[in-house]
Amino acid sequence: MAQLAFHPVGLNAQVQALFSLLQLEVEEVRILGISGTRGIGRTTLARALYHRIANQFDRSCFVMNVKDISSLEGLLKMQETLFGDNLCDGDSEFCNNVHEVINFMRSKLNNKRVLLVFDDVVGLSEPMSHLIKALNLGLGSRVILIPRHKETLIGDLCSNIYEARALNDDQALKLFSWNAFRERYPKNDYRMLSNCFTSFSKGLPLVLIVMGSFLSGKSVKEWQRAFDRLKEISQEDVHDILRIVIDGLEANERTIFLDIACFLNGYDKEVIIKSLDQCSVYATSGIEILAQKLLICIDDNNNIWMHDLLQEMGRRIVIQECPENPNKRSRIWCHEDALQVIRQNVGTDCIEGIKLDKVDVEDLIVNADSFKKMKKLRLFKMADHAPHCGPAGHLSEKLWTRFARNNNDMFAFWEALVKQISMFWSRGA
């Protein structure tokens, strides 16, 4: 997330404190956790340290968006990240069960001095502890964990836990100013309002960066209107603070933002552009604007990432379209909700995008008519495959035709089979 540290105010002191806790001179495997409020800059802090010390290890890797590593799916995702990138020795071997995955990773990392950073870890500490022990890392290895929830660090898993600090008032004003004015301090006409916005941030870099970028280039009157709205919300609710920025987007950028938040976070930029262009969304210019406003970032592998707080905000906006009925929302990303809509044949013309994690093709074939009702559908996603996209109306008709044809073929097959069995028994009689 290099963009988030483009003006690394207050970063160096925390990097040094984190470096001291690692105790690189100690020849043992040490695990360090980074705790703190979400949006406080833990990823930026860890990445800054990673770039500083990575060359002191035999192998190193920064693994982003680590999900539940107690499942095969989670382990396979980690294996792909670890050995499909800079830990790769040219192997393309991937495994089919938990033990095979762990054995494969152990064979690659066995007794090597390794630096691993696991970001956005979801789950409890016990599975992660078992995994790290099973990898049999060499002496001097260091593992840094950044949990989504603090309970991941409970127990004896971590040698030390570093509590990331919020910025003080002076640091917060500088970071806000760099993003709003591209200068160290605010312009005179904006100084009082800058202090007001800064006080609302609670020293969270994410809020300061996003809000500053949002206000950049706007008039004093526009700043005042934004702050008047800000005063109406709770200072404790970061989501509502970020909501002001999302609501200020133009329609095209807002569409792209919500599509990424619900379906496409972590995907290759060119895949996203190609997919969204097919459904009459101006993706190239829209992604550029979102990146300028630091609502997304593009990593060295050309993948687009959105901070999990911003992703949550985007998904909350969609849920608020109709809290009770998922079939009346513009986007459905929860597998259970999507399956319910398809099985109960309750698709509506509200639905623009729908995602299924685990695909039962028979469900899609038998319930093909549900797609016909989704007249505004333009994005359909199955598991981790690239999304199927098309103009509203055209895609729903295309999906209905595909699955309905298979439905007819399936019934024709069973009819023919039943007929053959009946003839067989009649001859036998």
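User: I'd like to learn how to read strand pairing. Which residue in β4 does V117 stand opposite?

Analyst: Good place to start! Strands of a sheet pair through backbone hydrogen bonds, either parallel or antiparallel. In this predicted model, V117 stands opposite I144 in β4.

User: How many bridges pair strand β3 with β4, and in which sense?

Analyst: Six bridges link β3 (residues 114–121) with β4, and the sense is parallel. You can find another pair of partners by looking at L115, whose bridge partner in β4 is R142.

User: What is the strand order of the open sheet?

Analyst: Reading across its five strands, the order is β2-β3-β4-β1-β5, with parallel pairing. β2 (59–63) and β5 (160–163) are at the edges with a single partner strand each, so one side of each has no neighbour in the sheet. On average, neighbouring strands are turned by 15° against each other, ignoring direction.

User: Which bridges join the other neighbours?

Analyst: Let's walk along the order. β2 and β3 run parallel and are joined by five bridges; here C61 has L116 of β3 as its bridge partner. Strand β1 (residues 30–35) runs parallel to β4, with four bridges between them. β1 also pairs with β5 in the parallel sense, over four bridges. A handy residue to click on is L32: its bridge partner in β4 is I144, and in β5 it stands opposite N160.

User: Which helices should I look for around this sheet?

Analyst: Try two of them. Helix α2 (residues 42–53) packs on the sheet and touches β1, β2, β3, β4 and β5, with its direction at about 165° to that of β2. Helix α1 (residues 11–22) lies across β1, β4 and β5, and runs at about 150° to β1.

User: Is strand β4 mostly covered or open?

Analyst: Mostly covered: six of the six residues in β4 (residues 142–147) are buried. A useful habit is to ask which way each side chain points. R142, I144 and I146 point one way, while V143, L145 and P147 point the other way, and all are buried. β3 has eight of its eight residues buried, so the rest of the structure largely encloses this strand.

User: Where is R148, and what does its side chain contact?

Analyst: R148 sits in the loop between β4 and β5. Its side chain makes a polar contact of 2.7 Å with the side chain of D120. Also compare positions along the chain with positions in space: R148 and R38 are 110 residues apart along the chain, yet their C-alpha atoms are separated by 7.6 Å.

User: Which residues touch the most other members of the largest nonpolar core?

Analyst: That core has 87 residues, and the ones touching the most other members are I34, F197, M211, W223, F257, L276 and L295. Another core, of 21 residues, lies apart from it, and includes C61, L131, I132 and C158. You met C61 already, as the bridge partner of L116 in β3.

User: Where should I be careful when reading the coordinates?

Analyst: Where pLDDT is low, the predicted coordinates should not be read in detail. The protein chain averages a pLDDT of 82, and 80% of the residues score at least 70. Among the elements, strand β8 (residues 331–332) has the highest mean, 96, and helix α18 (residues 394–428) the lowest, 57. Two stretches have pLDDT under 50. Residues 1–5 are one of them, with 15 contacts beyond four places in sequence. Residues 410–415 are another, with two such contacts.

Definitions and conventions:
Residues numbered from 1 in each chain as written. Heavy atoms only, no water. pLDDT = per-residue confidence, 0-100. Helix = DSSP H or I, 4+ residues; strand = E, 2+ residues; numbered from the N terminus. Contact = heavy atoms within 4.5 Å. Core = buried A, V, L, I, M, F, W, Y, C linked by side-chain atoms within 4.5 Å. Buried < 20%, exposed > 50% of the residue type's maximum accessible area, 1.4 Å probe, protein only. Pairing = 2+ DSSP bridges. Axes fitted to C-alpha atoms, helices over the stretch in contact; angles between N-to-C directions. Polar contact = N/O pair within 3.5 Å; in protein donor to acceptor, adjacent residues only side chain to side chain.
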